[in-house]
Amino acid sequence: MNAISKLFAILIAVLLLYVYPASEASERQDDLSALVAHGAAVQFVDAVRSKGYITPTMYNEFERTLASTGNLYDVELEHLHKKYDPVYTNPTDPGTFQNEFEVHYDGFYSAEVKAILFPDNTWDQRDSRRRYKLTAGDFFTVKVANRNRTQGTLIRDWLNGSNTGNAAVITANYGGMVLNEDY
């Protein structure tokens with residue numbers, strides 16, 4: 001009986017001295033990674049909103065900042081281009097304008113943006129043809145989510161005896177209206 005209580009005390013001591021601090025440290029690392037990801041998203045989106053364009057250098061710097069956390073991320077870009085369509089009483093008769101406009105948004109996403117930023121050719125990164133341009137009044141949004149299991153997730157799953165899978169624990173969503181066209 002005495003041996004069992006000593007074994008139990010040693011187990012508790014190991015948990016309190018090693019496992020709990022490691023768990024807390026990895027949780028704090030996840031928190032810091034989330035702050036870095038959010039800050040990178042805010043800086044990138046605000047630069048795009050104020051300049052009205054994206055360059056390969058801007059995007060690469062954004063990804064480099066995310067990579068500095070040691071995690072892998074899925075990055076989704078969304079550009080909603082504002083479009084005004086005149087309203088007619090009869091859509092087939094364009095001669096009867098109603099003095100109104102309907103606002104529509106055309107959506108462009110990561111694949112379309114990256115096709116312009118990183119084309120399959122040898123253009124220099126500073127070439128203006130590799131600049132993705134937006135218009136004032138458009139909306140631009142970035143969504144970031146980690147795709148790897150972080151140390152905090154691994155330790156938490158081990159302690160709980162569970163498997164949370166690949167659910168993202170580090171996310172950052174940020175966007176807004178494009179304010180300027182500086183091109």
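Here are some questions and answers about this predicted model.

Q: What makes up the protein, in terms of helices and strands?
A: There are 4 helices and 6 strands. Walk along the sequence and you meet them in the pattern α-β-α-β-β-α-β-β-α-β.

Q: How do you know whether the protein matches a compact globule in its radius of gyration?
A: Set the two values side by side. A compact globule of 183 residues would come out near 16 Å, but this protein has 25 Å. So the value does not fit the globule rule. You can also look at the box filled by the C-alpha atoms, which is roughly 95 × 45 × 25 Å along the principal axes.

Q: Why is Asp30 called buried or exposed?
A: Buried means under 20% relative accessible area. Asp30 has 8%, so it counts as buried. You'll find Asp30 in helix H1, which covers residues 2-51.

Q: What does Asp30 touch, leaving out residues up to four places away in sequence?
A: Asp30 touches Thr150, Gly152, Thr153, Arg156, Val169 and Ile170. Two of those names, Gly152 and Thr153, turn up again as buried residues of helix H4.

Q: Which residues of H4 are buried, and how do you know where on the helix they sit?
A: In H4 (residues 151-160), the buried ones are Gly152, Thr153 and Asp157. Seen down the axis of H4, its buried residues fall within an arc of 125°, so they line one face of the helix. Here is a handy bit of background: an α-helix has 3.6 residues a turn, so residues three or four places apart point the same way.

Q: What does the face of H4 turned away from its buried side carry?
A: That face carries Gln151 and Trp158, both exposed. Just after H4 comes Gly161, with a positive phi of about 65°.

Q: What makes the phi of Asn99 worth a look?
A: Asn99 has a positive phi of about 60° although it is not a glycine. Asn99 lies in strand E3, residues 97-109.

Q: Why is Asn99 called buried or exposed?
A: The cut-off for exposed is over 50%. Asn99 has a relative accessible area of 67%, so it is exposed.

Q: How do you know which label Gly70 gets, buried or exposed?
A: Use that cut-off of over 50% again. Gly70 has 61% relative accessibility, so it counts as exposed. Gly70 is found in the loop between helix H2 (56-67) and strand E2 (73-88). From Gly70 to Asn180 is 110 residues in sequence and 34 Å in space, C-alpha to C-alpha.

Q: Why is Arg129 called partly exposed?
A: Partly exposed sits between the 20% and 50% cut-offs. Arg129 has a relative accessible area of 48%, so it gets that label. Look for Arg129 in the loop between helix H3 (110-117) and strand E4 (132-133).

Q: What is Arg129 in contact with, leaving aside neighbours within four places in sequence?
A: Arg129 is in contact with Ile116 and Trp123. Arg129 and Ile116 are 13 residues apart along the chain, and their C-alpha atoms are separated by 7.6 Å.

Q: How many of the contacts between residues at least 6 apart join residues at least 24 apart?
A: The share is 73%.

Q: What about the protein as a whole: how much is buried, and what supplies the exposed area?
A: Buried residues make up 29% of the 183 residues. The protein exposes about 11500 Å², and carbon and sulfur atoms supply 56% of that area.

Conventions:
Residues are numbered from 1 along each chain as its sequence is written. This is a predicted model: local features need pLDDT of at least 70, side-chain atom pairs count only at pLDDT 80 or more; totals for chains, interfaces and linings use all residues. Side-chain values use heavy atoms; hydrogens and water are left out. Buried means under 20% relative accessible area, exposed over 50%, partly exposed in between (1.4 Å probe, protein chains only). Helices (H or I, at least four residues) and strands (E, at least two) are DSSP runs, numbered from the N terminus. The arc is that of the directions from the helix axis to the C-beta atoms. The radius of gyration is taken over C-alpha atoms; the globule rule is 2.2 Å times the number of residues to the power 0.38. Contact means heavy atoms within 4.5 Å. Accessible areas come from the Shrake-Rupley method with a 1.4 Å probe; for residues, only the protein chains shown count as cover.
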